Amino acid sequence: MSKNATGACLCGAVTFEYADDIAEAAYCHCTDCRRTTGSAFNISVGLKSSGFKVTKGSPHEFTKTADSGNLLTRHFCGNCGSPLYTSSPSNADMVYVKAGAFDDPGFIKPAYQCWTRSRVKWADIPANLPGHETSG
């Protein structure tokens, strides 16, 4: 699927744009993604590096060797801390943008899950759990 997309961190200090084909989105349950997002899992979208451009600001970076053995660099806003995208020298032609960083994430449809062995039991939201359209 080809897509033009824009996104930003929470405070707007870092923005990005993308214009090219979009790879599959995925849920990742690894411990690193849980800690990075502060949630049960991460949802990221694969984008070609050649079509991805930071248009405002300069993300901070943190590089760590993942359980896979690959070096992963996590890019985030140094002001508000929002995680934005991940890159790796082992897959330099791609960046993996956090689904929540897009201005309009409606196009995202995760196609698979990975690192399910690290999945937390409470990752599923029960259908019968009471819901509120606002803060409740």
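In this predicted model, the largest pocket is lined by 28 residues, and those lying nearest its centre are Cys28, Ser44, Leu72, Tyr96 and Cys114. The lining draws on several secondary-structure elements, since at least two residues each are supplied by β2 (15–28), α1 (31–37), β3 (42–48), β6 (71–76), β8 (94–98) and β9 (110–114). Of these contributions, the largest share belongs to β2, which provides six residues of the lining of the largest pocket.

A second pocket can be described in the like manner. Thr37, Asn42, Lys98, Ala99 and Gly100 are the residues nearest the centre of the second largest pocket, whose lining comprises 14 residues. The table sets out volume and lining class for each pocket.

| Pocket | Volume | Lining by class |
|---|---|---|
| Largest pocket | about 570 Å³ | 14 nonpolar, nine polar, five charged residues |
| Second largest pocket | about 220 Å³ | eight nonpolar, five polar, one charged residues |

**Nonpolar core**

The largest nonpolar core has 20 residues, and the ones with the most contacts inside this core are Val45, Leu47, Phe52, Val97, Phe102 and Ile108. Two or more residues of this core come from each of β2, β3, β7 (83–87) and β8, and β2 gives the most, with four residues. The strand β2 thus appears in both settings, as the source of the largest share of the lining of the largest pocket and as the element that gives the most to the largest nonpolar core.

Leu47 illustrates the surroundings of one core residue: leaving aside residues up to four places away in sequence, Leu47 touches Tyr18, Ile22, Phe52, Asp93, Met94, Val95, Val97 and Phe102. Among these partners, Phe52, Val97 and Phe102 are themselves listed with the residues that have the most contacts inside the core.

**Cysteines**

How many disulfides does the structure hold? The structure holds zero disulfides. Cys11 is in no disulfide, and the nearest cysteine sulfur, that of Cys9, is 3.7 Å away. Cys11 counts as partly exposed, because its relative accessibility is 38%.

Why does Cys33 form no bond with Cys30? The closest cysteine sulfur to that of Cys33 is in Cys30, at 3.6 Å, which is too far for a bond, because a disulfide requires the two sulfur atoms to lie within 2.5 Å. Cys33 differs from Cys11 in its exposure: Cys33 is buried, with a relative accessible area of 7%, whereas Cys11 is partly exposed.

Notes. Residues are numbered from 1 along each chain as its sequence is written. This is a predicted model: local features need pLDDT of at least 70, side-chain atom pairs count only at pLDDT 80 or more; totals for chains, interfaces and linings use all residues. Side-chain values use heavy atoms; hydrogens and water are left out. On a 1 Å grid over the protein atoms alone, a cavity is a set of points where a 1.4 Å probe fits but cannot get out, and a pocket is an open set with protein on both sides within 12 Å along at least five of seven lines; lining residues have an atom within 4 Å of a point. Grid points are joined across faces, edges and corners, and a volume is the space filled by probe spheres set on the points. Ala, Val, Leu, Ile, Met, Phe, Trp, Tyr, Cys and Pro count as nonpolar, Asp, Glu, Lys and Arg as charged, and the others, Gly among them, as polar. A nonpolar core is a set of buried Ala, Val, Leu, Ile, Met, Phe, Trp, Tyr and Cys residues joined through side-chain atoms within 4.5 Å. Buried means under 20% relative accessible area, exposed over 50%, partly exposed in between (1.4 Å probe, protein chains only). Contact means heavy atoms within 4.5 Å.
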